[in-house]
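Student: I'd like to take a close look at a single part of this structure. Could you walk me through it?

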Amino acid sequence: MKFDVIYKSARTIVLELKQQGKYYTEDYELYVNGSLYVSSNKVVQSIHGLKPDTTYEIYTKRADSQSEILSVTTEKEFVTLNVRAFGAKGDGIHDDTTFIQCAIQACPENGRVYIPKGTYKITTLFLKSNLKIELEKEATLSAITDRNQFPILPGVIQSYDETEELNLGTWEGNPLDCFAAVITGLGVSNVEITGEGTIDGCASKENWWDNPKIRRIAWRPRLIFLNHCEHITLQGITVKNSPSWNIHPYFSDHLRFLDLKILNPKDSPNTDGLDPESCHNVEIVGVYFSLGDDCIAIKSGKIYMGAKHKRASENIEIRQCCMRDGHGSITIGSEMAGGAKNITVKECRFLSTDRGLRIKTRRGRGKDAIIDGILFEDIIMDHVMTPVVINSFYFCDPDGHSEYVQSKNWYPVDDRTPYIGELVFRNLECTNCHAAAAYMYGLPEQKIKKVVFDHVNISFAENPTAGVPAMMDGVDETTRLGLFANNLEQLVLSKVTVEGQEGEAFLTSNIDNLQKKA
Amino acid sequence: MLIRECDSARSGNRDTMKGNGIIMNVGSNKEKAFGQNANEDNTLKVWEANPSGAAMKEMMNVLYRVSGNERYQDSAKYYEELYCNRGNKNLDFADFMIRGEQADYDELCMSMPFFIFYETQYNKKEKYNEIVKQFRSLREDYYDKTNCLYSLKKDEEGNISNSVKVLFALSEMLMNTSEEIYENYRSLIDLYRETLKGIVSFTGRNSEGAVKAIESEMDESDEVMLRTSVKDAIQMGIILSEKYETLLKNSEERSQEEL
């Protein structure tokens, strides 16, 4: 049993067992300096409560085997700033925003803002560069829900010479006024938020989720919003009950999300789990999602932002995550006018989501809306309605049902036409599916370039629930529909099985180059 | 909302207004003139001869905005209801135009604010693209790139009065456009900023020719429309207030001189 140390700070170490399962593994024991630290069944496991600049001997043990002992020295730390010393009460009654913000502002490089056990009512905390915040177990940052108390991030502020603009707020792919998030980073770098505590947005149908599609003062806040940030790590904490998307990195690079829990009720509106938008170099490892919307939605802006910045989301690795409930486990789009490239999803477990991979695009997204280099590898899906959906006719936006968007006829390729390149699905085990094995529909004028299914096994539930595999006009609810593919340049099916379907296992049409290998 | 209280309405501004080529030459007797054309229920007699309720409604809105007289507001509401409760019939671009598809820019400026209002409130914004396209075409055909002003006819020299009308129409439209369809909203903002810059550039000239042109081309209603539009744009956050203080001040001074 081998493991890697994938993160360490002065107080925390994160381990990742190698080739031991997908998010969950067989029970094992984790020992630190010879003492049992925890019995776990997670592939990615954190160790908290460590001392700075201290060497620890770590090993894992099962009945039949023990790993080698690894010696790990934690980072140095200069000083701890306990928010209680700055006046925070943590009684769940008083507004502690200013006190905690004071500790953040006062924290020197290599210092730590420490939030001990307690419930701290806050509105927005603004991050600064070179900052470490640790939430102790049973420490909760509990958001106030009165929108009148939240700062507003304006969508666009014009420069004095009227040639440029500053974009602070954003809402669903457009630069619009929004409330600052509970945790907000604006142009900051080198920030680590770690620990075993919780950030609770306290959203409910009595406050933020009441009439959620209407702007009131400004658009709803996220729980964590990172705008133009770099080198940010979130580790260990639980985030829940977000007013809208839980974690929203925006035009930010070099981001790590490790061993988090992201929880929202199944019926909560627009509560995506983690939505990197126009971000580069993102690592999402060991994160557990249970949500009312997409678990991870990779975005790059709607038409205006995509055309103006042309900044794709790219170089994203998602590993050892568990997605439960929600619409899509991994979604690309629909706000993806800047493109999405080089995205790897591996060693993950999708449970009871509507779709495994969900690509949402449409005519009009623009020529920069390029999706390419997508790899899904070593994934288990159980009770996922449709494991793979690639929809080039997604009916979003006011003109979503227009003839131009929904027509299956050929249109000239122009500046409005999106592009889908190469996608590979390798080693997928999909059991108890319901609606369809896969549903892939490209544009006739710009077909999906290449899709590879390699060692993919898909079987259906005995009593499947009907569902719409893709949200496009003319697609009704289905059960046990086989692998459907239309308008692809190349489709490779290598060692692919579909079992329990009704009708043909493979329904392919308008495929220029179909390769089937038993 | 299209109908709302604005600074000029609140202050009971009694400036005169000139219509965008339809009926608004009411001068100092505008209320009287309006009254002559009004039925008991505040609807307009001219409505019967004018198929474009949208344009009329918009005119009423403008009159209300500059006069503060709620009678105009009532009439505006009437036209709003008339057009927005037409059963299942989806109104189209032509429904908002007096002269159908041959509409000139005058008519576009008058009708598009209400068309976009209708789209926002009642038609899921489905025709936003079409409306923005119309204004882009307007720019293609009527924008004089030499003096950065709009002309009355294709290939004619631009005129500041025409530009003010376009400016006013754009700010009215922006007030009724959903920001969520940002690409359309932003297109209108960009057109607005460009139009305003052209006006600023022209009015900022100290040449004798420019001064004369302003005097001859800009009447009081243009000045009111200019100021109203700029104040609205500032309030909407579309332009920076500190950049247009001089423009507003100069316009007010010209109005004072006129009086």
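Student: Which element gives the most to the lining of the largest cavity?

Tutor: Happy to help, and please keep in mind that this is a predicted model. The strand to look for is E14(A), which gives the most to that lining, with three residues. In chain A, strand E14 covers 131-135, and strand E21, covering 189-195, also supplies at least two residues of the lining. Now for the cavity itself. The structure holds five cavities of 30 Å³ or more, and the largest cavity has a volume of about 70 Å³. Around the largest cavity you will find Lys132(A), Ile133(A) and Glu134(A), together with Glu192(A) and Thr194(A). The rest of the lining is made up of Tyr7(A), Ser9(A), Ala10(A), Arg11(A), Glu77(A) and Arg112(A). Sorted by class, the lining has six charged residues, three nonpolar and two polar.

For some context, chain A also touches chain B, with 16 residues from chain A and 18 residues from chain B taking part in the contact. Gln158(A), Glu162(A) and Pro398(A) supply 37% of the area that chain A buries against chain B, more than any other three residues. Between the two chains, about 1,600 Å² is buried, and carbon and sulfur atoms give 51% of that area. Three salt bridges are found across this interface. In a salt bridge between Arg215(A) and Glu179(B), the closest N and O atoms are 2.6 Å apart. On the side of chain A that touches chain B, eight residues are nonpolar, five charged and three polar.

Conventions. Residues numbered from 1 in each chain as written. Chains lettered and ligands numbered in written order. Predicted model: local features only at pLDDT ≥ 70, side-chain atom pairs only at ≥ 80, totals over all residues. Heavy atoms only, no water. 1 Å grid on protein atoms, 1.4 Å probe; cavity = no way out; pocket = protein on both sides within 12 Å on 5 of 7 lines; lining within 4 Å. Points joined across faces, edges and corners; volume = space filled by probe spheres on them. Helix = DSSP H or I, 4+ residues; strand = E, 2+ residues; numbered from the N terminus. Nonpolar A, V, L, I, M, F, W, Y, C, P; charged D, E, K, R; others polar. Contact = heavy atoms within 4.5 Å. Buried area = accessible area lost by both parts, 1.4 Å probe. Salt bridge = Lys/Arg side-chain N within 4 Å of Asp/Glu carboxyl O.
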